[in-house]
Amino acid sequence: MNLAPFSSTFDFSSLVAVRIETRSETNKVIETGTGFWFRPSREALYLVTNWHVVTGRKPQTPSLSSSGAIPTKLVARVHHEVGPGEINPNQIAELTLPLNDPTGEAPQWLEHPTLRHRADVVALRVENIERFETLAIRAIGDEDIFDRTPKYIPQVMHDVFVLGYPWGLAGGTPALPIYKKGSIASEPGLSQGGLPRFLIDCRSARGMSGSPVIASAQVTGAVGKGDEPLLWANAKVFAGIYSGRLTEDELQSESTNSASLRAEALAAISEIGIVWRRDVLFELIAAPTPGTKLSEI
């Protein structure tokens, strides 16, 4: 029996998901969540998360957050890269990105061109990316990060992994995510609730809002990059952006009018999560629209 310790090497895909905090003008932490890096080209880098994370408000019923504070900055934790493909687990940098002013009238994020804040997805463009050459940043869009079999199409019942920081917890180091496994629970190519999103069955938790969702399946007769035929492949593709679980607002049945039935219904949907399809992000980047001012909501 081999009882040797596991290798200290790790999957560089883990550097995609980022633990983030939103803070007020006085630097008070408002919320802890998750974001991830997205690189549509060599010249562009974005940090992606949820609209409700950067505003402290719900996109469908945009009332003020329970704290009453308006996030003005976002702080992300990132490892330093101390050598080619090597990090120091104890050497972590904090990147601060501007979000808004204290009145909520100067949003720095980008929204979907037509859905705007109805789509719970935003992107913050990272300027002067050459400043971060010493940081261990890997992004959706980088070579060999998840989309290794790009013609694989996720289907209902396929596995998904949500990479995030439940309740602010990390895995391995303070800046590496926890992988939560689930399955696709609704047809991913069809709209859910009239919006470009699908559902997953996953025991997720607070703090995972904004996580990248990776669909995975073992497929035969797959096609890899460059259209090379693959006899068998463990397909992994970026599927979308997690934005929390179904809530009371989603309940429409008249049978849930009573308090007891409503509580039962909420318990039943507590593990059903919402994922905004990846095309929402692609459309956002293709036609970026300045973030909505809070006075316009």
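Modeller: Before we turn to any one residue, a cut-off is needed: a residue counts as buried when its relative accessible area is under 20%, and as exposed when that area is over 50%. The structure we shall read with this cut-off is a predicted model.

Biologist: With that cut-off in hand, is Val16 buried or exposed?

Modeller: The relative accessible area of Val16 is 0%, so this residue is buried. In the chain, Val16 belongs to the segment before strand E1, which spans 17-23.

Biologist: Which residues does Val16 touch, not counting residues up to four places away in sequence?

Modeller: The idea is to read the contacts as stretches of chain rather than as a bare list. Val16 touches Gly35, Phe36 and Trp37 on the one hand, and Arg138, Ala139, Ile140, Ile145 and Phe146 on the other. The C-alpha atoms of Val16 and Asp142 are 9.8 Å from each other, although the two residues lie 126 residues apart along the chain.

Biologist: How should I read a second buried residue, and where is Val53 found?

Modeller: The steps are repeated: place the residue, check its accessible area, then list its contacts. Val53 is found in helix H1, which runs over residues 51-55, and with a relative accessible area of 6% it falls under the 20% cut-off and is therefore buried. Once neighbours within four places in sequence are left aside, Val53 is in contact with Ile20, Thr22, Pro71 and Ser209. The last of these residues, Ser209, is 156 residues from Val53 in sequence, yet their C-alpha atoms are 7.3 Å apart in space.

Biologist: What do the totals for the protein chain say about burial and contacts?

Modeller: Of the 297 residues in the protein chain, 50% count as buried. Among contacts with a separation of 6 or more, 68% join residues that are 24 or more positions apart. The protein chain exposes about 14700 Å², and carbon and sulfur atoms supply 52% of that area.

Biologist: How many helices and strands does the protein chain have?

Modeller: There are three helices and 14 strands in the protein chain.

Biologist: Why is strand E3 described as largely enclosed by the rest of the structure?

Modeller: For a strand, one asks how many of its residues are buried and which way each of them points. Strand E3 covers residues 44-49, and six of its six residues are buried, so the strand is largely enclosed by the rest of the structure. Ala44, Tyr46 and Val48 point one way from E3, while Leu45, Leu47 and Thr49 point the other way, and all of them are buried.

Biologist: Which strands pair with E3, and in what sense?

Modeller: Strand E2, residues 29-41, pairs with E3 in the antiparallel sense over four bridges, and a hairpin of two residues joins these strands. Within that pairing, Phe36 has Val48 of E3 as its bridge partner; Phe36 is also one of the residues that Val16 touches. Strand E7, residues 122-125, is likewise antiparallel to E3, over four bridges, with Leu47 standing opposite Leu124 of E7.

Biologist: Which strands pair with E9?

Modeller: A strand with two partners is best read one pairing at a time. Strand E8, residues 159-164, and E9, residues 178-184, are antiparallel over six bridges, and Phe161 stands opposite Lys181 in E9. E9 also pairs with strand E10, residues 197-202, in the antiparallel sense over three bridges, where Gly182 has Cys202 of E10 as its bridge partner.

Biologist: Turning to enclosed space, how many cavities of 30 Å³ or more does the structure hold?

Modeller: It holds one such cavity, and the volume of the largest cavity is about 50 Å³. A useful reading goes from volume to lining, and here the lining consists of Leu15, Ala17, Val18, Trp37, Arg77, Val78, His79, Ala136 and Ala175. By class these are seven nonpolar residues, one polar and one charged. E1 and strand E4, residues 73-83, each supply at least two residues, and E4 gives the most, with three.

Biologist: What lines the second largest pocket?

Modeller: About 180 Å³ of space lies in the second largest pocket, and its lining is made by Ile153, Pro154, Ile184, Pro188, Gly189, Phe198, Ala239, Arg277, Arg278 and Asp279. Six of these lining residues are nonpolar, one is polar and three are charged.

Note on methods
Residues are numbered from 1 along each chain as its sequence is written. This is a predicted model: local features need pLDDT of at least 70, side-chain atom pairs count only at pLDDT 80 or more; totals for chains, interfaces and linings use all residues. Side-chain values use heavy atoms; hydrogens and water are left out. On a 1 Å grid over the protein atoms alone, a cavity is a set of points where a 1.4 Å probe fits but cannot get out, and a pocket is an open set with protein on both sides within 12 Å along at least five of seven lines; lining residues have an atom within 4 Å of a point. Grid points are joined across faces, edges and corners, and a volume is the space filled by probe spheres set on the points. Ala, Val, Leu, Ile, Met, Phe, Trp, Tyr, Cys and Pro count as nonpolar, Asp, Glu, Lys and Arg as charged, and the others, Gly among them, as polar. Buried means under 20% relative accessible area, exposed over 50%, partly exposed in between (1.4 Å probe, protein chains only). Two strands pair if DSSP finds at least two bridges between them. Contact means heavy atoms within 4.5 Å. Accessible areas come from the Shrake-Rupley method with a 1.4 Å probe; for residues, only the protein chains shown count as cover.
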